[in-house]
Amino acid sequence: MKKVAVLGAGSWGTALAMVLADNDHEVRLWGHKKEQIDEINTTHTNKKYLKNITLSEGIVGYTSMEKAVTGVDAIVLAVPTKAMREVCQQVKQYLSTPHLFVHVSKGIEPDTHLRVSEVIEEELPATVREAVVVLSGPSHAEEVSLRQPTTVTAASSNLEAAEKVQDLFINQHFRVYTNTDVVGVEIGGSLKNIIALAAGITDGLGYGDNAKAALITRGLAEIARLGSCLGANPLTFLGLTGMGDLIVTCTSVHSRNWRAGNMLGKGMKLDEVLENMGMVVEGVRTTKAAYQLSQKLQVKMPLTSALYHVLFDNVDPKDAVDELMSRNKTTELDDLSQLLGDRFSS
Ligand SMILES: NC(=O)C1=CN([C@@H]2O[C@H](COP(=O)(O)OP(=O)(O)OC[C@H]3O[C@@H](n4cnc5c(N)ncnc54)[C@H](O)[C@@H]3O)[C@@H](O)[C@H]2O)C=CC1
Ligand SMILES: O=C(CO)COP(=O)(O)O
């Protein structure tokens, strides 16, 4: 049995706390909202984030971060990307030895263009950080909390650390693989939210499965294009954190990114949509970051670019689709085949 602190008591932090409690670990779930932590400790529910779920009594809620992290074996960072720096700055005050950090957030910072593990490494000195492992994959909190079969990947350049995280989380319902391609895993997990927003939009506009399949496959092509340019192994994008997460997020009503896109497609404004959601929609900020990166690195990302103009320049979603469909004709396997070809030709 290990002692694990989960920082962030939203949907995903709570669902992962359940997995850890099922594995008989001592789980300390920290949140910054007192009423929510009181609810976790009294009724063993977290209704705003996981409806109709009773949490294991083994999960104890904390409002004191210091108490939550004192003496733990591992710290899971489960807050939205936007809050990651602030939470790292808080946690490092309470640590004096290196700890194993697991992050589960799917985003890229606009302007700095840093991946979440890079943000964490920037904020946490080596004196408190043994290793950073990203846990990612097709995994809606709603299904994980019902103990439905789910597969994810623990990725770190330090394979031993990834294996420690695999051992912490793996069970009969929650299967964990390992990978050392951190760039590929983080880029796949973040950029799929852009495509999920777009898939929600086409559904909201009344378009069908053909449009959805087009978004998923061409979305994967542009994710792989940018990811490979940043140093990822292109094959990672065919795995759980690439194609796997694209499928689950673009096709599920659980996805907040899909739901936000759906409302946009039905004519709502972005501000209204985000107010309505009450939970994080990571794809909005990631669209900005990926668009900026594609401009800087000169990587072709037509779907990301179209979504950027819908979100931030008030372009009508239907006009954006019409424009995408009337671009100059091209071949399917352009630079992507070069990327994969290089791998297979040696
Ligand atoms: N919900 C899901 O099924 C999955 C979510 N993720 C990722 O996990 C991350 C967290 O997402 P969710 O838990 O779903 O979001 P959520 O919106 O359900 O919950 C976010 C939680 O973070 C808290 N929070 C926000 N700012 C904070 C701050 N400055 N300090 C402390 N707490 C703060 C909120 O109060 C809330 O409890 C995101 O990056 C998301 O992409 C990854 C896999 C699955
Ligand atoms: O990442 C997720 C599933 O793997 C959750 O997606 P949403 O943030 O769109 O709900």
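Sorted by class, the shell around ligand 2 comes out as 3 nonpolar, 6 polar and 4 charged residues. The classes are simple: Ala, Val, Leu, Ile, Met, Phe, Trp, Tyr, Cys and Pro are nonpolar, Asp, Glu, Lys and Arg are charged, and the others, Gly among them, are polar. This is a predicted model, in which local features need pLDDT of at least 70 and side-chain atom pairs count only at pLDDT 80 or more, while totals for chains, interfaces and linings use all residues. Residues are numbered from 1 along each chain as its sequence is written, and chains are lettered from A and ligands numbered from 1 in the order in which they are written.

Staying with ligand 2, 13 residues surround the molecule, and Ser139, Thr249, Ser255, Arg256 and Asn257 come nearest (a residue is near if its C-beta atom, placed from the backbone, lies within 6 Å of the molecule). At least two shell residues come from each of α8, α10 and α11 (256–265), with α10 providing the largest share, 3 residues. Helices here are DSSP runs of H or I, at least four residues long, numbered from the N terminus. Both domain 1 (3–180) and domain 2 (188–345) put at least three residues into the shell around ligand 2; the domain bounds come from an automatic or database domain assignment.

The UniProt record, an unreviewed entry, has a "binding site" annotation that covers Lys106, Gly137, Ser139, Lys192, Asp245, Ser255, Arg256 and Asn257. Its positions are given in the numbering used here, feature names are shortened, and annotations may be inferred rather than shown by experiment.

Two of the annotated residues are worth a look. Lysine 192 is part of helix α8 (residues 182–205), and it counts as buried because 34 C-beta neighbours fall inside 10 Å. The cut-offs are 20 or more other C-beta atoms within 10 Å for buried, 12 or fewer for exposed, and partly exposed in between, with C-beta atoms placed from the backbone. Beyond four places in sequence, lysine 192 is in contact with Asp245, Leu246 and Thr249, a contact being two C-beta atoms, placed from the backbone, within 7 Å. Aspartate 245 sits in helix α10 (residues 240–250) and is also buried, with 27 other C-beta atoms within 10 Å. Besides Lys192, aspartate 245 touches Gly137, Pro138, Gly188, Gly189 and Leu240, again not counting residues up to four places away.

As for ligand 1, 27 residues lie around it, with Gly10, Trp12, Ala83, Ser105 and Met279 nearest. Two or more of these come from α1 (11–22) and from α4 (84–91).
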